[in-house]
Amino acid sequence: GKNFDKTISLKNLPSSLHLPVKNPPWKTDLGKKVEFVTEASKVGWSASPKIKQVKVVYGDTRKKIEIANSRGEETNEERVYTLFFVHITASENGLIQTGYHPVGGYLGLELLEMETVETVAKKAIEQALLSLKARPAPAGRMPIVLSSEAGGTMVHEAIGHGLEADLASENLSVYHGKKGTRIAGPHLTIIDDATIATKRGSFLFDDEGTPSERTVLVDKGILVNFMYDRVMAMKDGVSSTGNGRRENYRFKPICRMTNTIICSGTDDPDSILRTTDKGLFVRKMGGGQVNTVNGDFVFEVSEGYLIDKGKIGDPVRGAMLTGNGPKVLETIDKLGSDLGFGIGTCGKDGQGVPVGDAQPTLRIPELTVGGQG
């Protein structure tokens, strides 16, 4: 048999990632966790008679992972993930709208000290009730200001999947063969970083035993790297970037994102809005889909507002953003100095993994909005 005498040390990894969990969920009794759900449910039902359904989910995961690979390397770590979200359904005069707010990360119950149960519930309630008052979104091409509060849905879906090495190497990505070329404006840098403390896509080692790292994918507009697992790295003659991930031991590791981020710029976030006369301000993104071969995408806007003379105007509902990832990267003309994170579970090849994404407030000068007018 193989002698596993090359145990990878933790000392060279970011110290913040292997500090003890402050409030281990497994040391909290079930009754306390039920209280979280009950409290959020009460807040939801008491907010308005327009609320017709309240769904509250609490979950925590503790994984003890040991990996021994064919290179004689052995690693081990404990991963703790906590997730809490509230989903509200509201109705008025036959119109049904929803609100949703999740929090989660690579941490314990300190999650609900950073953003309380009541706060999570109120944000979902506010979104649902606001949507009832919103008017149908207009249709057409217009400027889009994406708030940092929208998280990084855009970078994850429209850009991130196309930078996974398996899709890029197999000509299933619009970025195939473009390494070393300019694919975005010179002010745009995109990274994938599994080393950020508490974020949902973070870990010590990927599922092939490669230490987590901060990988620069796009550097000032130039495509400099893809996200690699070990198989694709060997095919391309490079090193793994620590992106070999799998849902659990029943699946094989494949190239996956961790925390994918459009880095902050230098523009004042408020000035981005003030200097946009008309358009759509997106505070929260919904679901969407992307064709990685050509980069075309469609996204729902779960909370959006018209921009009127540089100010947030009337709320709108039913807006859809339609565009092309590479073109968006080239045309973003404003990049805020702020940064907002989102969370999710990314599905690929029939398996899901926890991920994070982030972006600053940014402006796309023109994008197609699908609406009702």
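Me: Before anything else, how is the globule rule set up?

Reply: Take 2.2 Å times the number of residues to the power 0.38, and compare that with the radius of gyration over C-alpha atoms. Keep in mind that this is a predicted model.

Me: OK, so what makes the protein chain agree with a compact globule?

Reply: For 373 residues the rule gives a radius near 21 Å, and the protein chain has 21 Å, so the two agree. Along the principal axes, the C-alpha atoms fill a box of roughly 70 × 55 × 35 Å.

Me: What share of the residues is called buried, and by which cut-off?

Reply: Buried means under 20% relative accessible area, and 52% of the 373 residues in the protein chain fall in that class.

Me: Why are strand 7 and strand 8 called paired?

Reply: Pairing takes at least two bridges found by DSSP. Strand 7 (residues 190-193) and strand 8 (residues 214-219) are joined by 4 bridges, so they count as paired, and they run antiparallel. Within this pair, Asp193 stands opposite Arg214.

Me: And how do you know that strand 8 and strand 9 pair too?

Reply: There are 2 bridges between strand 8 and strand 9 (residues 222-223), so the condition of at least two is met, again in the antiparallel sense. Here Val218 stands opposite Leu223. The hairpin has 2 residues between the strands, and Lys220 takes a positive phi near 50 degrees.

Me: What about charge: how many side chains of each sign are there, and how far apart are the centres?

Reply: You get 46 positive and 46 negative side chains, with the centres of the two sets 1 Å apart.

Note on methods
Residues are numbered from 1 along each chain as its sequence is written. This is a predicted model: local features need pLDDT of at least 70, side-chain atom pairs count only at pLDDT 80 or more; totals for chains, interfaces and linings use all residues. Side-chain values use heavy atoms; hydrogens and water are left out. Buried means under 20% relative accessible area, exposed over 50%, partly exposed in between (1.4 Å probe, protein chains only). Lys and Arg count as positive and Asp and Glu as negative; His and the chain ends are not counted. The place of a charge is taken as NZ of Lys, CZ of Arg, CG of Asp or CD of Glu.
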